[in-house]
Amino acid sequence: MNIRLSAELPPEPQFDPSFRRAPDRGYNLSRTETVIAVKNALRYVPPELHETLAPEFLNELKTRGRIYGYRYRPQGRIYAKPVDEYKGNTLAGRALQVMIDNNLDFAIALYPYELVTYGEGGQVFQNWMQYRLVKKYLEVMTDHQTLVIQSGHPLGLFPAQLDQPRVINTNTLMVGMFDDDENFRKAAAMGVANYGQMTAGGWMYIGPQGIVHGTTITLLNAGRLFLGVSPSDDLHGKTFVTSGLGGMSGAQAKAVEIAGGVGVIAEVDLSRIVQRQEQGWLSKWSDDLSQVISWMQESVRSGEAVSIGYHGNIVDLWEYIVENDIPVDLASDQTSCHAVYDGGYTPQGTTFEEGRELLKKDRDEFVRRVDASLRRQFTLIKTMTERGTRFWDYGNSFMKAVFDAGVKEIASNGRDTSEGFIFPSYVEDIMGPLNFDYGYGPFRWVCLSGKHDDLLATDHAAMECIDPTRRHQDRDNYEWIKNADRNGLVVGSQARILYADAGLRVKIAHRFNELVREGAIGPVLIGRDHHDTGSADSPFRETADIYDGSRIMADMSAHNFAGNAARGMSLVVMSNGGGVGIGKSIHAGFGLVLDGSERVDGIIEDALTWDVMGGVARRAWGRNTNAISTAAEWNVTHANVGQITIPHVPEDGLVEDLVDKELS
Ligand SMILES: NC(=O)c1ccc[n+]([C@@H]2O[C@H](COP(=O)([O-])OP(=O)(O)OC[C@H]3O[C@@H](n4cnc5c(N)ncnc54)[C@H](O)[C@@H]3O)[C@@H](O)[C@H]2O)c1
């Protein structure tokens with residue numbers, strides 16, 4: 001075996017100007033670090049190319065802040081092809097190439113040339129040399145080997161058993177005292193750290209559809225919780241104002257229409273508005289605020305489901321709404337506040353293009369403007385909440401960014417973030433108690449044949465597995481899957497998302513594996529977002545609703561990762577940062593190839609159950625009421641296979657009264 005990049009120099013890179021490019025990430029390495037960075041990149045290429053490539057890599061570092069090795073990007077379009085068209089000794093090796101290529105598709109990736117799939121900085125690999133080398137390894141890998149990937153770098157193939165993972169992948173797991181933005185930026189510039197978001201570096205992105213279901217559920221439940229909408233009704237006549245039509249945030253437009261409501265979404269980057277409209281996810285748009293608001297009000301009156309784009313800054317939209325006293329029911333924000341000073345947020349008074357320019361030329365001024373804009377946005381949102389709008393943080397670190405911009409008032413205790421914020425995170429009020437505590441989470445699958453008919457067959461099979469009368473979540477799921485094809489959600493691979501709980505995931509996976517065995521469909525890869533019940537330790541998001549003090553711990557995600565590896569998932573991933581930023585979360589993911597075998601049936605049963613119930617168990621121990629009842633129920637239905645430790649919860653007031661008495 002001799003797996004290496006060829007000594008042939010790939011042709012000069014070509015860039016199609018119609019695709020977005022990542023901003024210059026800023027070059028600020030010392031001489032010594034610069035030398036190391038260039039040498040690090042040269043490790044991938046044979047020595048005969050070093051003289052040619054060293055200056056090219058140095059130039060990339062100085063002008064883009066990172067070494068991407070553009071020349072190594074295969075020319076033309078990269079996209080998920082049918083699995084049979086990939087080379088490989090194993091189905092898993094070929095399936096994972098489908099997933100990687102899907103993440104880099106021009107139609108999907110945010111900055112395809114910089115290997116960014118979504119979320120401003122979420123990269124599949126650090127550079128194109130890693131891409132090429134990983135593909136070579138996946139092609140030769142056997143069922144008795146594991147490929148080890150560290151921040152995009154393929155460390156090598158190592159001997160393993162059939163029932164062990166084919167790929168173990170980690171992204172930017174930094175040592176505690178260095179686990180911050182500054183050290184990450186340096187490590188990324190030096191080519192040793194990859195920010196993988198959740199499913200970019202985790203190779204499980206399925207286009208913006210992945211977030212549409214979660215966003216639809218969030219909106220529907222927000223309507224039920226805050227506006228008294230009946231569980232069987234939709235959001236007709238209800239307004240939702242937010243921002244962002246990017247990789248994930250673009251889902252808001254589609255979701256508000258599916259939920260039946262009236263959405264107004266501000267977006268500074270025209271190209272994203274156009275893309276979403278061409279995709280059919282955004283009904284209409286304008287850069288005229290009075291036009292936007294008059295469309296909104298007409299649709300409220302008629303009850304029409306609509307998504308309206310405002311080409312401009314979210315702060316300007318809020319200014320208009322506040323000044324003109326326009327009522328708004330629900331509100332959020334999905335600008336990339338996890339990377340607020342790196343181009344994720346465009347400050348008020350600056351166009352998208354001016355913001356990019358300013359970031360490059362005068363970072364300090366850019367930061368000053370971002371802070372001022374966030375402070376203004378907070379004031380306006382606060383005014384609206386006082387008038388009755390329900391605002392929630394949508395997992396983009398908006399509230400943390402506002403706090404960092406100097407608004408102490410956004411912290412619950414007015415001092416620091418240790419006790420959370422004055423507005424709820426969507427996990428605290430909605431996603432946590434109504435979904436994660438029961439084990440409902442973003443289960444997904446990809447039909448590896450690339451055939452739409454296979455996807456329809458799996459939709460149908462999944463629908464047959466759901467009992468819509470069990471809980472309102474199941475009814476939502478049933479409706480979702482029934483209408484999924486009609487909603488035209490596929491971008492890229494033939495994939496589907498469904499917020500299923502443990503039992504449903506196991507049932508569906510068994511059914512799919514059976515269909516594969518019978519030859520009714522081609523092989524399927526199942527997986528999920530890392531934004532799930534048991535896989536993300538993230539105090540500002542997924543674990544924001546755990547109040548026993550443990551939300552600063554990362555034990556759960558470590559066990560999720562280890563447990564899934566031990567139980568034979570085909571791919572296991574563990575990463576830092578996710579949607580909230582470096583040092584703010586640790587999260588894990590998996591992929592399992594359904595090849596129709598009985599061996600895989602066993603993995604489905606044990607691994608999928610563990611994957612979800614490990615999280616329910618932790619949430620139950622955190623005294624979350626719905627998780628306690630879910631765990632207790634599981635203890636009865638699964639008494640022959642396991643048991644979850646259930647906490648004893650003292651009566652309300654018992655400890656509080658004691659502590660107050662003793663401490664007074
Ligand atoms: N809620 C969730 O489940 C979830 C899931 C994934 C990601 N996220 C987080 O949501 C955020 C958005 O993710 P994404 O993938 O869409 O990122 P993205 O960068 O692709 O999109 C954000 C969009 O906001 C726009 N924008 C920035 N500042 C603006 C402003 N002031 N006014 C109007 N528009 C502005 C940008 O032009 C961009 O198109 C990220 O922080 C991400 O981590 C949340």
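**Cysteines and a ligand in a predicted model**

Reader: I'm new to this one. Is Cys 337 buried or exposed?

Author: This is a predicted model, so take what follows as computed from it. Cys 337 has a relative accessible area of 4%. The cut-off for buried is under 20%, so with its 4% Cys 337 counts as buried.

Reader: How many disulfides does a search of the whole structure find?

Author: A disulfide needs two cysteine sulfur atoms within 2.5 Å. Take Cys 447: the nearest cysteine sulfur belongs to Cys 465 and is 14 Å away, and Cys 447 is in no disulfide. For the whole structure, the number of disulfides found is 0.

Reader: And Cys 447 itself, what is its relative accessibility?

Author: Cys 447 counts as buried. That label goes with a relative accessibility of 2%.

Reader: Okay, on to the ligand. Which residue puts a polar backbone atom 2.9 Å from one of its oxygen atoms?

Author: Two side chains have polar atoms 2.8 Å from a ligand oxygen: Arg 272 and Ser 336. The backbone contact you're asking about, at 2.9 Å, comes from Gly 247.

Reader: How much of the ligand's accessible area does the protein cover?

Author: On its own, the ligand has 850 Å² of accessible area. The space it takes is the largest cavity. The share covered by protein is 98%.

Reader: What about the shell around the ligand: how many charged residues does it have?

Author: There are 34 residues around the ligand, and Glu 267 and His 338 are among those that come nearest. By class, 11 of the shell residues are nonpolar and 18 are polar. The charged ones number 5.

Conventions:
Residues are numbered from 1 along each chain as its sequence is written. This is a predicted model: local features need pLDDT of at least 70, side-chain atom pairs count only at pLDDT 80 or more; totals for chains, interfaces and linings use all residues. Side-chain values use heavy atoms; hydrogens and water are left out. A residue is near a molecule or strand if one of its heavy atoms lies within 4 Å of it. A polar contact is a pair of N or O atoms within 3.5 Å; within protein, one must be able to donate a hydrogen and the other to accept it, and residues adjacent in sequence count only if both atoms are side-chain atoms. Accessible areas come from the Shrake-Rupley method with a 1.4 Å probe; for residues, only the protein chains shown count as cover. On a 1 Å grid over the protein atoms alone, a cavity is a set of points where a 1.4 Å probe fits but cannot get out, and a pocket is an open set with protein on both sides within 12 Å along at least five of seven lines; lining residues have an atom within 4 Å of a point. A molecule sits in a cavity or pocket if more than half of its atoms lie within 2 Å of its grid points. Ala, Val, Leu, Ile, Met, Phe, Trp, Tyr, Cys and Pro count as nonpolar, Asp, Glu, Lys and Arg as charged, and the others, Gly among them, as polar. Buried means under 20% relative accessible area, exposed over 50%, partly exposed in between (1.4 Å probe, protein chains only).
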